[in-house]
Amino acid sequence: MAAGFDPSGRLPDVFTNARTSSFTEFLRIAAPELLPGRRPLPPGMAADLAPHATTIVAISAAGGVVMAGDRRATMGNLIAQRDIEKVHPADAYSLVGIAGTAGIGIELMRLFQVELEHYEKMEGTMLSLDGKANRLASMIRGNLGAAMQGLAVIPLFAGYDLAATDPQRAGRIFSFDVTGGPYEETGYDAIGSGSLFAKSALKKRFRAGLSVDDAVRLAVEALYDAADDDTATGGPDLTRRIYPVVMTATAEGTHRLTDAETAAVAEAVVSGRMENPGG
Amino acid sequence: MAMQFYASPEQIMRDRSELARKGIARGRSAVVLSYSDGVLFVAENISSALHKVSEIYDRIGFAAVGRYNEFEALRRAGVRMADLNGLSYDRRDVTGRALANAYAQNLGSIFTEQSKPFEVEMCVAEVGATPEDDEIYRLTYDGSVNDEPGRMAMGGQAEAITGVLRNKHRSDMSLAEAMAVAVEALGSVGGEGGAPRTIAANQLEVAVLDRRRVGRTFRRITGAALTALLDGGSAPAAEAPTEEPKQPSTGAEKPTVSAASADLEDKSGESASE
């Protein structure tokens with residue numbers, strides 16, 4: 001157990017008496033070494049030390065939201081990993097995608113997942129979608145020191161808002177910067193090194209009220225465009241059968257498309273580009 | 001000098017036990033049983049907000065009887081411990097046995113060191129791949145732990161309830177059959193002149209750890225699904241025993257931005273002028 005040793009066998013006081021339902025608040029007292037962003041770093045830039053995860057796109061559709069991420073992690077000019085997974089469910093109704101320093105990103109994402117589940121178990125009710133986005137913003141802000149030394153992590157957060165009055169518009173997207181956020185986005189957003197190209201593609205093709213299936217196709221198209229112009233973003237790898245991770249959040253909850261489903265979409269996109277490389 | 005009266009340690013422990021037993025016996029009972037597809041928790045509880053049965057982790061559930069504030073503090077500690085271990089190691093490394101041990105140590109030291117013991121009796125259950133793999137631990141106020149054989153009862157008149165469970169419970173029961181046994185067992189005590197009681201759906205708190213699920217297996221059974229299950233209807237209960245956690249409402253009555261923000265002021269201005 002991380003917090004102290006008590007020969008009487010009693011649980012440390014913080015376990016029974018902490019007046020909080022937030023897991024990160026609890027960690028701050030019980031095990032601060034487990035919180036990212038609280039470690040002292042030696043001075044200097046550290047940006048090239050660790051692999052970077054790249055492009056994520058999110059698109060709000062009728063009755064939900066779609067998030068997709070490419071599979072490449074880079075380290076300078078090298079490909080660090082070909083099949084990294086950067087899009088994950090945050091809880092039953094929301095998704096989080098990570099761009100930036102991969103190790104810190106994965107750690108932050110795991111902590112965020114526990115944070116949401118912990119609150120739900122403690123209080124018997126889920127945080128609202130805005131509450132989840134605010135929680136994530138404060139966790140990003142905690143990493144500001146490391147971000148200034150080149151170890152930045154920027155997530156993209158999207159979810160199905162169960163409290164929305166119009167279910168057609170319940171899919172919502174939040175973006176962040178290194179100082180926190182959140183900023184709610186309308187329609188679509190992208191983060192990471194290829195986001196400029198992905199957003200340009202989405203700007204021309206996005207229409208409000210897309211079906212979820214159309215949004216999935218659009219997301220894969222946008223990732224293709226990002227990979228086309230950004231070396232750090234990986235396109236669909238047909239030879240190794242590595243395709244983007246695509247997830248949806250709807251009234252039924254979060255769902256990850258199977259490899260066969262994403263393969264079919266990615267192959268359709270690639271064969272379309274055979275005829276018209278610009279899409 | 002004031003005279004200290006001597007009380008033997010034996011006498012002190014006996015007094016504390018008696019206090020704890022009386023406190024626990026005042027409350028309503030709860031039962032925990034294995035069935036073919038999971039572990040069933042049934043507690044008599046007229047409150048729908050203060051839970052006696054809760055989720056601790058993916059495959060671990062918690063039930064308690066006695067003083068609410070005492071077992072609620074222990075439940076919150078359990079969730080914290082489980083989440084902390086799950087984050088530092090892996091989700092699979094969080095076990096019911098470790099949790100039961102920590103609870104036992106805690107209850108034991110409170111029993112010997114504090115002048116008032118916790119008036120609680122608790123169950124930590126971990127669902128396994130088969131009913132034989134289920135682990136059901138009973139924890140009592142003095143810190144003792146018992147590994148129960150697929151079923152247990154706790155609270156007032158637990159012996160009588162256990163007797164009914166022992167005769168009727170089998171680990172290969174369906175959910176509806178297990179529910180019927182649980183309700184019969186709970187209703188076998190406390191009736192007028194020893195007659196069995198019928199317990200209405202709104203007086204029961206029911207949850208399962210569903211062994212067929214991956215990830216978080218804990219689901220509450222409430223409302224229409226619970227009524228159907230009590231009527232012996234297996235179909236709707238098997239299909240939809242789930243209740244997702246509620247989201248707090250964010251309507252006009254609960255603004256998510258500061259009350260001093262511009263658009264809210266505009267809105268209130270409009271409604272005032274209308």
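Student: At which residue does UniProt place the feature "active site"?

Tutor: The unreviewed UniProt entry places that feature at Thr54(A). Please keep in mind throughout that the structure is a predicted model.

Student: Where in the chain does Thr54(A) lie, and is the residue buried or exposed?

Tutor: A position is read first from the elements that flank it. Thr54(A) belongs to the loop between strand 1 (52-53) and strand 2 of chain A. Burial is then judged by counting neighbours, and a residue is buried if 20 or more other C-beta atoms lie within 10 Å of its own. Thr54(A) has 30 such atoms within 10 Å, so the residue is buried.

Student: Which residues does Thr54(A) touch, leaving aside those up to four places away in sequence?

Tutor: The contacts of Thr54(A) include Asp70(A), Arg72(A) and Thr74(A). Also among them are Ala99(A), Gly192(A), Ser193(A), Gly194(A), Ala232(A) and Thr233(A).

Student: How should one read the sheet of chain A, and what is the order of its strands?

Tutor: A sheet is read across its strands, from one edge to the other. In chain A, five strands form an open sheet with the order 11-2-3-12-13 and antiparallel pairing. Strand 11 (188-191) and strand 13 (253-256) of chain A are at the edges; each has a single partner strand, so one side of each lacks a neighbour in the sheet. From one strand to the next, the twist averages 15°.

Student: How many bridges join strand 2 to strand 3 of chain A?

Tutor: Strand 2 (residues 56-61) and strand 3 (residues 64-69) of chain A run antiparallel and are joined by six bridges. Within this pair, Ala58(A) stands opposite Met67(A) of strand 3. As a general guide to reading such strands, side chains in a regular strand alternate between the two faces of the sheet.

Student: What is found in the hairpin of strand 4 and strand 5 of chain A?

Tutor: Strand 4 (residues 73-75) and strand 5 (residues 78-81) of chain A pair in the antiparallel sense over three bridges. Met75(A) has Leu78(A) in strand 5 as its bridge partner. Two residues lie between the strands, and Gly76(A) takes a positive phi near 65°.

Student: How compact is chain A as a whole?

Tutor: One compares the radius of gyration with the value expected for the chain length. Chain A comprises eight helices and 13 strands. Its radius of gyration is 20 Å, close to the 19 Å given by the globule rule for 279 residues, so chain A is as compact as a globular protein of that length. Of those 279 residues, 49% count as buried. Among contacts in chain A between residues at least 6 apart in sequence, 68% join residues at least 24 apart.

Student: Which order do the strands of the five-stranded sheet in chain B take?

Tutor: The order is 8-1-2-9-10 in an open sheet, again with antiparallel pairing. Strand 8 (151-154) and strand 10 (218-221) of chain B stand at the edges. Strand 1 (residues 30-35) and strand 8 of chain B pair over four bridges, and Ala30(B) stands opposite Met154(B) in strand 8. Helix 4 (residues 158-168) of chain B packs on the sheet, touching strand 1 and strand 8, and its direction makes about 155° with that of strand 8.

Student: How many residues of each chain are in contact with the other?

Tutor: An interface is described by its residues, its elements and its chemistry. Here 29 residues of chain B are in contact with 27 residues of chain A. On the side of chain B, helix 2 (68-88) and helix 3 (96-113) each give two or more residues; helix 2 gives the most, with twelve residues. By class, this side of chain B has eleven nonpolar, eleven polar and seven charged residues.

How values were computed:
Residues are numbered from 1 along each chain as its sequence is written. Chains are lettered from A and ligands numbered from 1 in the order in which they are written. This is a predicted model: local features need pLDDT of at least 70, side-chain atom pairs count only at pLDDT 80 or more; totals for chains, interfaces and linings use all residues. Two strands pair if DSSP finds at least two bridges between them. Axes are lines fitted to C-alpha atoms, for helices over the stretch in contact, and angles run from 0 to 180 degrees between N-to-C directions. Two residues are in contact if their C-beta atoms, placed from the backbone, lie within 7 Å. Ala, Val, Leu, Ile, Met, Phe, Trp, Tyr, Cys and Pro count as nonpolar, Asp, Glu, Lys and Arg as charged, and the others, Gly among them, as polar. UniProt positions are given in the numbering used here, feature names are shortened, and annotations may be inferred rather than shown by experiment. A residue is buried if 20 or more other C-beta atoms lie within 10 Å of its own, exposed if 12 or fewer, and partly exposed in between; C-beta atoms are placed from the backbone. The radius of gyration is taken over C-alpha atoms; the globule rule is 2.2 Å times the number of residues to the power 0.38.
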